[in-house]
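Please look at the sequence and the structure together, and follow one helix and then one of its side chains through the paragraphs below.

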Amino acid sequence: MTENLRSYFLEAAGEVLRDGDEPLDRVTAAGVLGTLGDDRFVPLLLAVLETDVNRQVQHKVAQAVARIGGTDAEKGLQKLMFAENQYTRYLAAEALADIVARGKE
């Protein structure tokens, strides 16, 4: 994939995840971000995990964060393990366990 096309997909997916009205669109966007694995989008993914009300979106976002991994992902997920929402806490713990199991930093 050319770098321009990759950048286009990343930016478009980030925009849809941030501003998309439809849950399926946000799920798809999270999947794209996780697949392309750019850690610049970890803060956005963590914010969506914490605030989105749709469980499917939250689940896909948590998978994307786990797939990307890295220090920022680990720190953010550790913080979210104390979130008010029980499902958010569960997903954060599951994603963090995924990262640790794969030995990602």
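Contact here means that heavy atoms lie within 4.5 Å. With that in mind, and remembering throughout that this is a predicted model, turn to helix α4, which runs over residues 55–68. Its 14 residues reach 20 Å from the first C-alpha to the last, close to the 20 Å expected at 1.5 Å a residue.

The two ends of the helix can be described in turn. At the N-terminal end Asn-54 acts as a cap of α4, with a side-chain oxygen placed 2.9 Å from the backbone nitrogen of Gln-56, while just after α4 the backbone of Gly-69 takes a positive phi of about 65°.

Between these ends, the buried residues of α4 are Val-57, Gln-58, Val-61, Ala-62, Ala-64, Val-65, Ala-66 and Ile-68. What covers them includes α1 (3–19), α2 (23–36) and α3 (42–51), together with α5 (71–80) and α6 (86–102).

Which residues does Gln-58 touch, not counting residues up to four places away in sequence? They are Leu-49, Asp-52, Tyr-87, Thr-88 and Leu-91. Gln-58, which lies in helix α4, counts as buried because its relative accessibility is 2%, and buried means under 20%. The side chain of Gln-58 also has polar partners: one of its polar atoms lies 2.9 Å from the backbone oxygen of Leu-49, and the side chain makes a polar contact of 2.8 Å with the side chain of Thr-88.

Notes: Residues are numbered from 1 along each chain as its sequence is written. This is a predicted model: local features need pLDDT of at least 70, side-chain atom pairs count only at pLDDT 80 or more; totals for chains, interfaces and linings use all residues. Side-chain values use heavy atoms; hydrogens and water are left out. Helices (H or I, at least four residues) and strands (E, at least two) are DSSP runs, numbered from the N terminus. The expected span of a helix is 1.5 Å times one less than its number of residues. Buried means under 20% relative accessible area, exposed over 50%, partly exposed in between (1.4 Å probe, protein chains only). A polar contact is a pair of N or O atoms within 3.5 Å; within protein, one must be able to donate a hydrogen and the other to accept it, and residues adjacent in sequence count only if both atoms are side-chain atoms.
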